[in-house]
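Student: I should like to learn how the descriptive terms applied to a structure are justified. May we go through them one at a time?

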Amino acid sequence: MREPDPILYAEDSDDDVFLLQRAFIRAQLPQPLVTVRDGRAAIQYLQSALAPTTGPKTAKPLPGLVLLDVKMPFLSGIEVLKWIREQPQLAHLPVLMLSSSADERDVAPAFSARANGYLLKPGSLDALDSLVAGLREALEKLPDAPWGTIAGARFPSDGASGGP
């Protein structure tokens, strides 16, 4: 049986990474969570996933989903998203922005750059568990993932809060 595609999570906050990792464990997601600390590292990971393999070392696995923090050092999540959408081999990847900011000055550029959704970082562990449960449900239905099932998510087509 084929290993599930990893989820690439670009986040500069160690606390946020730790909390999401724990929520993934509690939800028993089969997809491994690969974390990088900034936008530049996210692009380097994706370039490695696209690189042809030579010798005994293999390329990194292409993620099935990318989660990007909006505000990161070196390159923002929006800049990484734009780069992804410009790459023919990556343009199909689902990308969700994950941010503590609900400010339209952050949300609108994400949708202009063709994010599949915009998730607010939850303020409690229960809310984080709900978000991850919605991610799990959507991931089970890839490539036709119903991102709208994720509690508190916003989507380009509705501009409003999604989920139950």
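**Reasoning from values to terms**

Tutor: We may begin with glutamate 11, bearing in mind that the model is predicted.

Student: Why is glutamate 11 called buried?

Tutor: A residue is buried when its relative accessible area is under 20%. Glutamate 11 has a relative accessible area of 1%, and therefore it is classed as buried. Its place is in the loop between β1 (7–10) and α1.

Student: What makes the pairing of glutamate 11 with tyrosine 9 a polar contact?

Tutor: The cut-off for such a pair of N or O atoms is 3.5 Å. The side chains of glutamate 11 and tyrosine 9 make their polar contact at 3.2 Å, a value within that cut-off. Leaving aside residues up to four places away in sequence, glutamate 11 also touches Asp16, Val17, Val36, Arg37, Asp69, Met72 and Lys121.

Student: How do you know that tryptophan 83 is buried?

Tutor: The same kind of reasoning applies. Tryptophan 83 has a relative accessible area of 16%, and the limit is under 20%; tryptophan 83 is therefore buried. This residue is found in helix α3. Not counting residues up to four places away in sequence, tryptophan 83 touches Ile43, Leu46, Gln47 and Leu90. The C-alpha atoms of tryptophan 83 and isoleucine 43 are separated by 8.0 Å, although the two residues are 40 residues apart along the chain.

Student: If their C-alpha atoms are separated by 8.0 Å, why are tryptophan 83 and Ile43 said to touch?

Tutor: Contact means heavy atoms within 4.5 Å, so a C-alpha separation alone does not decide the matter. Ile43 is listed among the residues that tryptophan 83 touches.

Student: Why is helix α3 described as largely enclosed by the rest of the structure?

Tutor: The helix spans residues 77–86, and seven of its 10 residues are buried, so the description follows. The buried ones are Gly77, Ile78, Val80, Leu81, Trp83, Ile84 and Arg85. They pack against α2 (39–50), β3 (65–69), β4 (95–99) and α4 (104–112).

Student: Which residues touch the most other members of the largest nonpolar core?

Tutor: That core has 26 residues, and those with the most contacts to other members are Leu46, Leu68, Ile84 and Met97. At least two residues come from each of β1, α2, β3, α3, β4 and α4. The greatest contribution is that of α3, with five residues. A further core of 17 residues lies apart from it, and includes Ala23, Leu29, Leu65 and Leu131.

Student: What makes up the lining of the largest pocket, by class?

Tutor: Eight of the lining residues are nonpolar, two are polar and two are charged. Among the residues of the lining are Tyr9, Asp16, Lys121, Gly123 and Ser124. Asp and Lys count as charged, whereas Gly counts as polar. Two elements give two or more residues to this lining, namely α1 (14–27) and α5 (125–139). About 170 Å³ of space lies in the pocket.

Student: How do you know that strands and helices alternate along the chain?

Tutor: The pattern read along the sequence is β-α-β-α-β-α-β-α-β-α-β, with five helices and six strands in the chain. Buried residues make up 43% of its 164 residues. Of the contacts between residues at least 6 apart in sequence, 59% join residues at least 24 apart.

How values were computed
Residues are numbered from 1 along each chain as its sequence is written. This is a predicted model: local features need pLDDT of at least 70, side-chain atom pairs count only at pLDDT 80 or more; totals for chains, interfaces and linings use all residues. Side-chain values use heavy atoms; hydrogens and water are left out. On a 1 Å grid over the protein atoms alone, a cavity is a set of points where a 1.4 Å probe fits but cannot get out, and a pocket is an open set with protein on both sides within 12 Å along at least five of seven lines; lining residues have an atom within 4 Å of a point. Grid points are joined across faces, edges and corners, and a volume is the space filled by probe spheres set on the points. Helices (H or I, at least four residues) and strands (E, at least two) are DSSP runs, numbered from the N terminus. Buried means under 20% relative accessible area, exposed over 50%, partly exposed in between (1.4 Å probe, protein chains only). A polar contact is a pair of N or O atoms within 3.5 Å; within protein, one must be able to donate a hydrogen and the other to accept it, and residues adjacent in sequence count only if both atoms are side-chain atoms. A nonpolar core is a set of buried Ala, Val, Leu, Ile, Met, Phe, Trp, Tyr and Cys residues joined through side-chain atoms within 4.5 Å.
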